[in-house]
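Student: I'd like a close look at how one pair of helices packs together in this protein. Could you walk me through that part, and then show me what else is around to compare it with?

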Amino acid sequence: MFTNRSSGRLRAALAFLVLALVAVLTACGSSDSGSADTGPREVPSAKGPVKVPADPQRIVVLNGNLAGYLYDLEATVVAADPRLLGVPNKPGEFPAGWAEDAKKQGTQAVPSGDNINLEFIAAQRPDLIIGGGQGYPGQQSVNAYDQLTAIAPTVLLPTETTYWQDQLRFIAATVNKPAKVDTLIANYQAKLAEAKSKIKAPAGTTVVMQSIKSQKPTLFVPTAALPTLLSEVGFTLDTQVEAKAGNPAKEQSADFISFSPELLNTVIDAPVLFTIPLSGGRSLEELRADPMYATLPSFKANEVFELPATSSRPDYRTVMSTLDLLVERFK
């Protein structure tokens, strides 16, 4: 999809990781089908291989973007971080996408704060901790990795693993529950093919913007999950947004860049724009009323489209619903 060298190296790294995960799945078999493997297993992690239980029963997940996979795989989650990018929730309230699953399992909400609540996590008596991935919660678990490993085996999803299929395989290998993976991916591939046949993408390149509370221009990088999904259904991504913005520094776990408002017309010159209003951010109509945005090519041509915050970093459940939204808008 992308031709620059950095994306080539990234794809090579991801391919290596996926091969490692396939090897783990093949070696371990399926605990769902009565596997006799009862001893500790070694699985890949961003910090190197980690020995984990063959059938973990008390999992704590420290990134809300990863929790849905565990419920899809019917793993036991004793506690989960409820935060999703840009989705407001009350203390102790889980995202709608997996709130019912959490209720059925009696999952506790990991308290949110500037630092991970290690005392709370230890009190859950976890036999496995899963963290890492994109976003602030993922970075928090990376920062607290040494303390977390003192509580229980801790597996971190590499920040480069942005595609939901690879995340699903990684989580399935970690918890030794590969039985449903092929079915879930096959369901998606069928829905993706149907969506692609119906969607008529606008001509020209596309960028995806986060509308955030600070109002600082913020774009997803082309390799982030949502832009990748858009490219799979026929949109052409602007792969030069980082270069246009002066290659601004970003956190290791970040899948977006922020830049000065003075560069707005330079960076967002694509004829098609998607905007994602995050918590406290402005809606599409509010952006239309801003003279700075009104001069952008996408706004002038009325080729600006809004998607919900849950589409930002889709897991299996939200990628399916996002496809429905795209078909409804662009059929």
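Tutor: Sure, let's start with helix α2 (residues 64–72) and helix α7 (residues 164–175), which pack at an angle of about 60 degrees with their axes 10 Å apart. That angle makes α2 oblique to α7. As for handedness, α2 passes α7 in a right-handed crossing. Keep in mind that this is a predicted model.

Now zoom in on the side chains. From α2, the residues at the contact are Leu66, Tyr69 and Leu70. They meet Trp164, Gln167, Leu168, Ile171 and Val175 in α7. Sort the residues of this contact by type and you get seven nonpolar, one polar and no charged.

Why give both an angle and a distance? Two packed helices are described by the angle between their axes and the distance between the axes. Try that on another pair: the axes of helix α8 (residues 181–198) and helix α15 (residues 316–330) come within 10 Å and cross at roughly 10 degrees. That makes α8 roughly parallel to α15. On the α8 side, the contact is made by Leu184, Asn187, Tyr188, Lys191, Leu192, Ala195 and Lys198. Facing them from α15 are Tyr316, Val319, Met320, Leu323, Asp324, Val327 and Phe330. This contact divides into ten nonpolar, one polar and three charged residues.

Helices can also lie against strands, so let's look at the sheet. It is an open sheet of five strands in the order β5-β4-β3-β6-β7, with parallel pairing. At its edges stand β5 (108–109) and β7 (154–157), each with a single partner strand, so one side of each is left without a neighbour in the sheet. Strand β6 (residues 128–132) runs parallel to β7, and four bridges join the two. If you want a spot to find by eye, Gly131 stands opposite Leu156 in β7. Helix α5 (residues 135–143) lies across β6 and β7, running at about 120 degrees to β6.

One last thing before you go exploring: how far can you trust the picture? The protein averages a pLDDT of 89, and 89% of the residues score at least 70. Residues 1–36 are another story: pLDDT stays under 50 there, although the model has 50 contacts beyond four places in sequence for that stretch. Where pLDDT is low, the predicted coordinates should not be read in detail.

Note on methods: Residues are numbered from 1 along each chain as its sequence is written. This is a predicted model: local features need pLDDT of at least 70, side-chain atom pairs count only at pLDDT 80 or more; totals for chains, interfaces and linings use all residues. Side-chain values use heavy atoms; hydrogens and water are left out. Axes are lines fitted to C-alpha atoms, for helices over the stretch in contact, and angles run from 0 to 180 degrees between N-to-C directions. Angles under 35 degrees count as roughly parallel, over 145 as roughly antiparallel, 65 to 115 as roughly perpendicular and the rest as oblique. A crossing is left-handed if the near helix is turned anticlockwise from the far one by less than a right angle, and right-handed if clockwise. Contact means heavy atoms within 4.5 Å. Ala, Val, Leu, Ile, Met, Phe, Trp, Tyr, Cys and Pro count as nonpolar, Asp, Glu, Lys and Arg as charged, and the others, Gly among them, as polar. Two strands pair if DSSP finds at least two bridges between them. pLDDT is the predictor's confidence in each residue, from 0 to 100.
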